[in-house]
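I opened a fresh notebook page today to go through this structure one look-up at a time. My notes follow, in the order I made them.

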Amino acid sequence: MPQSVPQAAEFEQYLRWPITMVPDPAGVEESYARANEVELEGLLSLVGIEPDYIYQSQRYRTSAYAEGIRAALAAREQIRALLNEHRTQPLPDDWWPVSVFSGFTNKDTTTILDWDGEWDLTYRCDESGTSETVDLRTTALVKLPWRIDWPMRWQFEHVDFEPAGKDHHSEGGSFDTARGVSEQIYNWKAPVTFQYDFISIKGRGGKISSSSGEVVSLRDVLEIYEPEIVRYLFAGTRPNSEFAISFDMDVVKIYEDYDRCERVYYGVDEISEKKRAKERRIYELSQVHKPASEAPFQIAFRHLCSLVQIADFNYERALEMARVEAGRPTLSEADRVRLLRRAACAERWLADFAPEDFRFRMKTAEQGLVEVGSAEAAAIAGLAELLKNQWDSLTDKALAEELYRVSRDAGVEPKDFFVVMYKVLIGKEKGPRLAAFIRTVGRERVVALLERYSGDTSSGSAGHGGKGESNE
RNA sequence: GGGCCGUUAGCUCAGCUGGUAGAGCAGCAGACUCUUAAUCUGCGGGUCGAAGGUUCGAACCCUUCACGGCUCACCA
């Protein structure tokens, strides 16, 4: 019973039913099967995949496969022999190349009694003990098992290209037997194929496991990665090699890799001609829409993580900070849309997967003060003074130097001063590189936080404390 | 048991149709005293899992072996 079904007990009754007849647990779609289709189709379009869908359930429901099913029945012994080639246990004597759902209980617990050589199939419902004869041309109850269903559909839909996972491509796997069935029974040449490897998930903190039943879907991936980057993961990896979609620190690296690929594509980064051609192609394949004519404005993911937090998760403000930093007059609408989504991914990642070191929240003037010693208070006051008076002339580098000067003037070890500053600004002992951080946060906000320490002083002491927990 | 895929610098991996090996991260050093995977610069010699073979020449081809992982023989 999948985790996505909250009413597990109530749904017990549908076990062994065709999934197309099981109701949607959410009560929205016509069936559980359809609900899953709708979900997937919606997600696929987000990454730019918009196929014409063929619904097998409709094919079966309308008896479109009647000919194919009859052909399988007629070739019963031939198919049995083909399948037995790769089986440890030969198929039992009463085996038929079809499976039947009971018209009485909807379950697949049935026994086939007879086939008349044409369209009539007689079966018994094991639970009710009732028998009936159905016509293949009108019934929706008769299906082909996978290894026969697959080749039958190759012929029916005229499939000439179908890659598949390595489970199908193992010797004796379903592609193997399907090829035989397709060519010998259905007179259809097996499609061109290749084998792709599996994709795994990394960095979800051990929660993901088959035993817990937690499943990671494209939806989860898209909460962390932009659609283009999801495509990039696939475009940049050979199909037949395994890779993992990471939710841990690798996320930062993947974003950086993608951004570099983008810069190469637009000729911003120089690279050898050989590699360039490859990177360009990977970039093209990664796009959901046509690549823009101009290089998009980039904000590094890791930097955006900081900006988004400084801006208290107001994405627009985060982008505005980045724009100002980069000295750009404006942001194009396309850039805005893209970066807002990236900001949302950053927030999601910070909340769910980022190491603690990445996370912080700006202190507000309403929050209580942290304890600081008198010397430290003096240093803070000195810095506040400096920021008020010389803000416009301070570069990152100049400010960094001033930080040392200010703290030494007040008789505070720079190392301790940094700790105090982080506590004052974000309530932690560490944080982003201080000088650049202060400049990004902005004068008003920093000064407002610092000036609160100008008045009375208490005799606290700045404590130390190791902090090095990382999850793995 | 069969099949597939790996085994390249500490780590993660690139190396197209063979010409004697590379990128990121870490690490080290330096940008006046530094703080996290948000700055910049310089530095890395690893018997390319092992042994044979083909070749003028192999990490890339062939054979065998070792180790690791996945997969099939139930189901869609």
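Before listing any contacts, I fixed my term: a polar contact is a pair of N or O atoms within 3.5 Å. I also noted at the top of the page that this is a predicted model.

**Entry 1: polar contacts to the RNA**

I started with the backbone of Trp146, where a polar atom sits 2.9 Å from a phosphate oxygen of RNA strand B. Next I looked at Gly172, and there a polar backbone atom is 3.2 Å from a sugar or linking oxygen of RNA strand B. Then I wanted a base: a base nitrogen of RNA strand B has a polar side-chain atom of His303 at 3.5 Å.

**Entry 2: the surface around the RNA**

How many residues surround RNA strand B? I found 33, and Arg302, Arg408, Phe418, Pro432 and Arg433 are the closest. Of the strand's atoms that come within 4 Å of the protein, 48% belong to sugar and phosphate.

I sorted this surface by class and got 14 charged, ten nonpolar and nine polar residues. Which element gives the largest share? My answer is α17, with four residues.

**Entry 3: the largest nonpolar core**

I moved on to the interior. The largest nonpolar core holds 50 residues, and Leu383, Leu387 and Ile438 have the most contacts inside it. At least two residues each come from α13, α14 (315-326), α15 (333-352), α16 (374-390), α17, α18, α19 and α20 (443-451). The top contributor is α18, with eight residues.

I then followed Leu383 outward. Setting aside neighbours within four places in sequence, I listed Leu399, Leu403, Val406, Phe417, Met421, Ile438 and Leu450 as its contacts.

I jotted down a second core as well: it lies apart from the one above and has 34 residues, including Tyr232, Tyr255, Tyr283 and Phe301.

**Entry 4: one helix up close**

I picked α20 for a closer look and asked which of its residues are buried. Val446, Val447, Leu449 and Leu450 are. Looking down the axis of α20, I saw that the buried residues fall within an arc of 160 degrees, so they line one face of the helix. A reminder to myself: an α-helix has 3.6 residues a turn, so residues three or four places apart point the same way.

Where do the buried residues of α20 pack? They pack against α16, α18 and α19. I closed the page by linking this back to Entry 3, where Leu450 is among the contacts of Leu383.

Terms used. Residues numbered from 1 in each chain as written. Chains lettered and ligands numbered in written order. Predicted model: local features only at pLDDT ≥ 70, side-chain atom pairs only at ≥ 80, totals over all residues. Heavy atoms only, no water. Near = heavy atom within 4 Å. Polar contact = N/O pair within 3.5 Å; in protein donor to acceptor, adjacent residues only side chain to side chain. Nonpolar A, V, L, I, M, F, W, Y, C, P; charged D, E, K, R; others polar. Core = buried A, V, L, I, M, F, W, Y, C linked by side-chain atoms within 4.5 Å. Buried < 20%, exposed > 50% of the residue type's maximum accessible area, 1.4 Å probe, protein only. Contact = heavy atoms within 4.5 Å. Arc of directions from axis to C-beta.
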